Amino acid sequence: MPQRKLRNDDVMTAVIERNAATVYRIAYLRTGNTHDAEDIMQEVFVRFIKSAPEFESTEHEKAWFIRVAVNRTNSFFTSAWRRRTVPLPEEDIPYWENNGIDVLDAVMRLPKDISTAIHLFYYENMAIKEISDAMSKSESAVKSLLFRGRKLLRIELSEEQSE
Amino acid sequence: MFEKKYKSAMNKTLPSEEALNKTLSAMKEEANPRRRRKLFIKRSVICVAALSLVFASVFTAFKVNDFFRYSGEKEGVTGYGKLVGLKAASSKSEITGVISDYYRAQNSIADRFLGGFANGNAEVDYIEEVAPDAVVDEEQAEETVKTDDEITYEGSFYDKDIPEHSDTNNQVIGVQEADIVKNDGRYIYFCSPENKMLYITEAKDGKMSILSKTKLKGNIIKEMLLLGNKLAVISEYTNGTNGGNDTICIFYDITDRSKPELVNEGRQSGDYISSRAIDGHVYIISAFRQYRKNNEILPEYDGSEIEAQCTYIPDEISNTNFTIVTSFDTNADGCDNTDVISILSMSSIIYSAKENLYLTATRSIYDSENTELNENQTVPTSKTDIYRIELKEGKMKPTAFGNIPGTLKDQFSIDESGDILRIASNINYATVVKRDNLLENVLEGAYRFSFSETCNKVFCLNEDLDVIGESEALGITEQIKSVRYIGDIAYVVTFRQTDPLYAIDLSDPENPKTLSELKIDGFSTYMHPFGNGLLLGIGYDADSKYGGTTGLKLTMFDISDPTATFDISSCILSWENGYSDSSALYNHKATLIDAKKNIIAIPISEEYCNTITEDGYSTVRYGVSTYFVFFEFDGKTLTEQKRITVCENADNFFSSLRGLYIGDYGYLTHNDGIISIRLDTFETVDEIKYSE
């Protein structure tokens, strides 16, 4: 994708349309709140303009966005900015309005690497190899994240269903 | 069932319209509409550039690029090159000139071919793969480093009756590194990053009492240095004008421990990187980033711009960020500022010996705009610049500048021994591939790089920081995980699937020799000399077949014969029952290791999930428990001796846990208080909470 195209507003809008939800979901899953997730989403897209990566296909483009979103949330957790920010209480998530949120909630309670692996596997339907690239982890590490995630979810969800 | 429910819930998770609009405008701002107006000019420039490129490629032989030359070129050996200089600026306009030249070069794509009369298209290459270690290291550098040596101060207070006690795990004897906890044998000092408070606690035979609680200034409390009756607390403060942080060092006189008195405050631009204290002189290092492309903003000390004469400019720059070093004399009552210097280069890993401070900065191949290359040439993708600054009673003077290929793992990668500086680096090589498409050629540069292989080397540099010798390539396809220099031997751990521990003899700096290579499963991220002929490695256990980590592992190596090192015993905390983590893996200051007293202890956090039944409802809770774990080494085996619970059922990993000892008592300090134990029986003696 030649760089000059990136400056075209239509291209930018199309890139956002294609990838914003994907990036936002990962950021939301990993930060656990909407404000931080939106900030990270913005950062990822600005980075896209800055680095102007070349993509062979839309899958390739999506993989780039996923990888950067994971990386950005990682550096977000360690960044100075994060450390000086007091997280606001989460009042704006309407848990009660959303059916099926119990499953989402269970996933979000998992450690963030596990939840990310679960999300990429089940929601984005990515292969282990792709997840390992996106998360910069070995394939066996991804497998063990998935294994642990499934185990934790099985316990948690079976408990909730029996309630 | 899960999948369907999860998908339906996730489908409803969408960013708000407002956030999307904000993102779009941020993208537009970044793309900079100003550039569009220049598109017409640029097109014509591109045509000329393309033509000249064709001519250039026909008539001009490719030059050897400066980027791939390293200090101390040996004739006939490619990859080593001229020494690049470092000089003090004469005026402010010289500094701003260098910065604007840099941006001009960056902005102009045609520059690559025509020498820069076009001005457009600023592209900052962001390559995710490049030097991820450097980023991590920066974080680590902030937090890490301690050693066992005792620093004694003269003065009545220190003369008598001070029980034997632990110190921060400093890398170099006589060079104190900052940490959140300090201990002088009588008092325990803790600057809490979470509560932004300084707590001074008196500790005697396991009994504790809080003497003072002082509110600290700053948005982020970093760490502190203890210098007799003075305490230097380092914090960061947001600077409203340039959008970055300022680093503040606040000096307290603590002659009266119940009433710390503020005596001086030094404020310098930039994020805190690291600090050292040598003979009562405190050195604070910060990195100032140009957040905006505004070359008028120069780093400041105490509200005024750092003078041009104190600003040093390397011949080649790869970004417009500054490293600022300030020094303070705590031997004087007022802890006055002694010196300030800044260098137009961004440092991440800092190493300090007693007389020299070394700043290192990593540059990637992508930062080097004026690169000319041969096709199919194999080149390292990054290099590390090293600046040596001579320290004399707080006065600082850059004395040498050099560089090596590759990136460093952490401060333990560097060691000074006499006139020789030894550095271990991880080098990624890439092959230069010419772009075929002419348009791409012009827009993106004539070459792209295809990563080929990775190896590690230990370099020896002379007093001019020229490379005089290097080891053979170690751990091809692997990455350095930890390095420790003991005398003339460098111990290097690399890892991909198994952990080779290399011992390299550096006694002849021109001809480093690999003495031995020991392979065991897993790898160490930190190595600590444990008395005579022993080396303790703290790291991960790994599956030898796939290389995935499977648990935490401590290994005791016998290095009494460096030509035949072997592992005596390992202690593995496997992840079968839950993932565990230790801050000792990232921060050597979190360890408590003392060979004389035979203490090996590290904090460990363990994830768990269990079922809680309340009022007839049962829920599964995920949480983290934090322990301080003592290990025992009896000469033959290394075993877990005692686990002391510091915190249970927490939501997060605990990072501010430190262990220390005074006499026969151990003290475990954490964010909320201190637990004291007897070191022989491990029974709890006393416990205090800061909130009470």
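# A tour of chains A and B

Colour chain A by pLDDT to begin: among its elements, helix α1 (residues 3–6) has the lowest mean pLDDT, 42, and helix α7 (residues 112–123) has the highest, 88. The model is a predicted one, and chain A as a whole averages a pLDDT of 74, with 75% of the residues scoring at least 70.

Next, select residues 1–7 of chain A, where pLDDT stays under 50 and for which the model has 27 contacts beyond four places in sequence. Add residues 80–99 of chain A, a stretch over which pLDDT likewise stays under 50, and for which the model has 30 contacts beyond four places in sequence. Where pLDDT is low, the predicted coordinates should not be read in detail.

Now move to α7(A) and show it together with helix α8 (residues 128–135) of chain A; the two pack at an angle of about 135°, and their axes lie 10 Å apart. At that angle α7(A) is oblique to α8(A), and the crossing of the two helices is right-handed. To see the contact itself, display the side chains of A:Asp113, A:Thr116, A:Ala117, A:Leu120 and A:Phe121 on α7(A), and those of A:Ile128, A:Ile131, A:Ala134 and A:Met135 on α8(A).

Switch to chain B and select strand β32 (residues 534–542), in which 9 of the 9 residues are buried, so that the strand is largely enclosed by the rest of the structure. Which strands pair with β32(B)? Strand β31 (residues 523–529) of chain B pairs with β32(B) in the antiparallel sense over 6 bridges, and within this pairing B:Ser524 stands opposite B:Gly539 of β32(B). The hairpin formed by β31(B) and β32(B) has 4 residues between the strands, and here B:Gly531 is the residue to pick, as one that takes a positive phi near 70°. Strand β33 (residues 549–558) of chain B also pairs with β32(B) in the antiparallel sense, over 9 bridges, and B:Asp541 stands opposite B:Gly551 in β33(B). While following these strands, keep in mind that in a regular strand the side chains alternate between the two faces of the sheet.

For the last stop, centre the view on B:Ser166, which is found in the loop between α8 (156–159) and β2 (176–177) of chain B. Is this loop residue, B:Ser166, buried or exposed? B:Ser166 has a relative accessible area of 6%, and because the cut-off for buried is under 20%, B:Ser166 counts as buried. Select its partners to finish: leaving aside the neighbours within four places in sequence, B:Ser166 is in contact with B:Asn183, B:Leu592, B:Leu660 and B:Tyr661.

Definitions and conventions:
Residues are numbered from 1 along each chain as its sequence is written. Chains are lettered from A and ligands numbered from 1 in the order in which they are written. This is a predicted model: local features need pLDDT of at least 70, side-chain atom pairs count only at pLDDT 80 or more; totals for chains, interfaces and linings use all residues. Side-chain values use heavy atoms; hydrogens and water are left out. Buried means under 20% relative accessible area, exposed over 50%, partly exposed in between (1.4 Å probe, protein chains only). Contact means heavy atoms within 4.5 Å. Two strands pair if DSSP finds at least two bridges between them. pLDDT is the predictor's confidence in each residue, from 0 to 100. Axes are lines fitted to C-alpha atoms, for helices over the stretch in contact, and angles run from 0 to 180 degrees between N-to-C directions. Angles under 35 degrees count as roughly parallel, over 145 as roughly antiparallel, 65 to 115 as roughly perpendicular and the rest as oblique. A crossing is left-handed if the near helix is turned anticlockwise from the far one by less than a right angle, and right-handed if clockwise.
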